[in-house]
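Subject: Structure for you to look at

Hello,

Here is the structure I promised. My notes follow below it.

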Amino acid sequence: MRFTTVAFALIVFIVVFSIFVANLANLIGIDKQLSNRLDAASNDGEQRQPKQLKLDDQHNHLMWFLQVSDIHISMYLDPARVPQLIEFCNRTVDIIAPSVVLASGDLTDAKTSNFLGSQQHEQEWRWYHEVLRDTNVLNKTVWLDIRGNHDNFNVPALQTRQDLFTNYSAQGRHHTRSYMHQVAAGGERYTFIAVDACLDPGPKRPFNFVGMLSRNETQHLINLAERSRELNTNYTIWFGHYPTSCILTPGLGTGGIRNLIGRYREAYAYLAGHFHTLGGAVPRMYTLQEEGFLELELGDWMRNRRYRLAAFDHGLFSFVDIHHNQWPVVLVTNPKDALFNIPGKEDLQSIVDSTHIRLLIFSPAKVVECQVKIDGASWQDCQRISHQLFVVPWEPKRYKRGLHKLLVYVLDADGRSRVVEQRFTLDGSRLQFDFLAKLVLMYDTNKVFQTFFSVALIIYLVPLCVFRIWHTLVRKGTVARPRLRTLCCGGWIRKMWILSTVDRLMFPIVGYCLYLTCGPWSIGEVIDGHMGVVFVWGIFVNNAFLPGTLTYLYGFFQLMLCQLPLTIIFANNVVRRFYRRSGEKNYGWTMALWKNSAFILIMTVEVLLAAIFWNSYGLLAFIITPLRAWSIVLNVILWYQSRYIPEKCLRSASAVWSSSEPKLSSLAN
C-alpha cells in the first residue's frame, strides 16, 4: 500500500478549488442570468405593473431624498463630527430640500475611553438629539433613523435604561424596532421600510457585529410590506444598518432577507451602512441582487463624511454618493447610469421614448452654467425648469445601440464647478459591478466565517491525525515508512510526524482544538449585570440565545495566527531534542531570547488579547476563559514540555525514524 502526502493534498486541493471556482463563476455570471430571468419572467398577479410615464421637461413624477450612515458621534474621537453634522442639517438639507433623510445606524460610537470596551454614553445621545433639535431639521424634512450595532452595544433589552435610542432618536419614541413611512410626492406614493436587525439582547464588543431578524420581527416586516402595498405604494426603498449578507434570518430559510425584499415588485433598492468601504478596499460597494433589487452600501460619515442623494424620476431610480461640502451636487436622472439599471422593474423603453435629458443640480450659489454632451458631440446648454431641475432636448434613437458616455459640466456663481461622467445604454447592455463588492454583498457573511473556522480546523487537525494513524500503521508493519525525497517537504513531514507520536503534546493540542469547537469559551458579563456563556456556535445571555457569527472568525484567527504557529514551534523543539538528545548546548540569555523570539511574540499577542477580553467582559470572564487565559497557561506548559521532552517519550518516533537515519541539520535548527 503506497500512500503519499502529495497525492492526498492534491485531491483535497482539487475538490476545494473546484467548489471555489464554481461559486465564483456563479457570482460573476449572476448579472446576465438575473437580467435574462427577470426580463422573461411573468410577474405575480398581485404585483402591479408601473404605469408608463413620459420623461419630458416637466417638474413632476419626481422625488429625491438623502441618506447618511455611521455617524459615530463620540465623546473621545474626532470632535468635528458633531459640528459638521450640524452643518449638514443646516446647510445641506436646506439646499437640497429632500423629502426624507435616512440615518441608517451607528448614530453614536459607544466605546469606552480606552477604545477597547463598549458602553452606551448618554452624552453622545444628547449631542445627537441636540443636533436634530437645534437645527430644526425635523421640521424641514422627515428624519428616519434606525439603530446600528454600536447603538446596541451593551443593551440588555429594548426600552431599558441602556436603550438610549428610544429617548434620544427621531423615531425611537414612535417605533420599537422596524417601521414604515410613506411619502406622497410628484404624483406617486413612496414607502420607506426601516429594517432593525440589531441583536436582542445586544452584547458588548467584539461579538456584536452581525444582525439577526427573529421570527416575530420577520413577520412584522412582512406585515409592513403588505400594508405598504395596501396603501397603493408605487415605489419602496428598504433600508437598515446591516447589509443583507450580514443579517441572520432563522424564520426565512434560504435567501433570507433578500428573498423577502425580492417578493415585492415595488422594492427597488436596499440601502445600508456598517461595512463602510472596508478600509478603502471597496469604495463603490454596490450590486444587483439575484432577487432583482439594488443593494447599495454607503461610505461612513465618521471618517469619510459621505452622504447619498437618491431620486425617483418617472419610475427611474438614480443616486450619487457625495463628500460633505462638495458642491455643486449633480444627479443625472435621465438617461440613468447603465450600471444601476434594474431589469424587470425599470423599462428602458421609457428612456428611448423620452424627450429630454434630466438633471438635478444643487448648490449654495446660483448655477450660472450647465452644459451636457454625449460621446463626441458638441456641448449643449441646459434649460432650468425649476430651482433644482435642468433639462436639455435630445434624440435618444441616435443612441439605441451599445454604451454611450454622457458628460455634464456645471458652474455656480461662486466659481465652483463639477464635471460628471455617466455611461448609459438603451438596448440593455450591462456593466459589471466590482467583483469585491459583489463578493461582500452577495455572500452570506456568517457562512463565510463558518467556512474559515472549518478550514482552520482541518488545516490544524487533519495533518496531525493523519501522521498519528500513519505512524501506527508503519509500526504495525501494515505500510512502509515514506521516503522523503525533498528536503523542504520531507523536513516538515518528519517534524509533524514526530510531534504526533508524543502523547503528552499530541493529546493536549488536539483536545484544545476540539474544545474550541464544542466547549464554552468564556463565562462572564457579556452585558453589564448579565452573565453569559460564549461558545463558538453562539452566546447564551439574558435568557436568550444569539447564534454564533463573529465568534467563528475569532476562532479562525485563534487557530491560524496563534495555535498553528505554536504547534510548529513545538514540533521544532521536539525534533531538536530528537536529534540532540545526548545533550543540549547552553546558550546565553541573548541567544536564548533570540531562539525563542517567535514563541515570545505569539505569547505577547495572546496576553494582549486576554487583557482586551478582561477589559470587555470583566475579571470573571478573564479567569474562566479557556479560549484566552487558559490557552496561555496551556501553551507555556506545552512549550516547556517540547523543549525538555524526556527521551522515553521519543521512543515511538525512534522506532520509525531511527538514529541510523541520516541526520538532517535543517531539522535540528
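Which residue in E17 is the bridge partner of Val372? It is Gln380. Before the rest, the ground rules. This is a predicted model, where local features need pLDDT of at least 70, side-chain atom pairs count only at pLDDT 80 or more, and totals for chains, interfaces and linings use all residues. Residues are numbered from 1 along each chain as its sequence is written, and side-chain values use heavy atoms, with hydrogens and water left out.

**Open sheet**

Strands (E, at least two residues) and helices (H or I, at least four) are DSSP runs, numbered from the N terminus. Two strands pair if DSSP finds at least two bridges between them. One open sheet has 4 strands in the order E17-E16-E20-E21, with antiparallel pairing. Strand E17 (380-381) and strand E21 (417-425) are at the edges with a single partner strand each, so one side of each has no neighbour in the sheet. E17 is joined to strand E16 (residues 367-374) by 2 bridges.

**Two hairpins**

Strand E22 (residues 522-527) runs antiparallel to strand E23 (residues 530-535), with 5 bridges. Ile527 stands opposite His530. There are 2 residues between these strands, and Gly529 in this hairpin takes a positive phi near 85°. E23 then pairs antiparallel with strand E24 (residues 538-541) through 4 bridges. Here Val534 faces Ile539 as its opposite residue. This hairpin also has a link of 2 residues.

**Cavities**

A cavity is a set of points on a 1 Å grid over the protein atoms alone where a 1.4 Å probe fits but cannot get out; lining residues have an atom within 4 Å of a point. Points are joined across faces, edges and corners, and a volume is the space filled by probe spheres set on them. There are 2 cavities of 30 Å³ or more.

The largest has a volume of about 70 Å³. Its lining includes Leu199, Phe207, Ile539 and Leu550. Strand E25 (544-547) and helix H14 (550-579) each give two or more residues to that lining. The split is 7 nonpolar, 3 polar and no charged. For this count, Ala, Val, Leu, Ile, Met, Phe, Trp, Tyr, Cys and Pro are nonpolar, Asp, Glu, Lys and Arg are charged, and the others, Gly among them, are polar.

The second largest cavity is about 30 Å³. Among its lining residues are Arg147, Leu199 and Asp200. That lining has 5 nonpolar, 2 polar and 2 charged residues.

Best wishes

Key
On a 1 Å grid over the protein atoms alone, a cavity is a set of points where a 1.4 Å probe fits but cannot get out, and a pocket is an open set with protein on both sides within 12 Å along at least five of seven lines; lining residues have an atom within 4 Å of a point.
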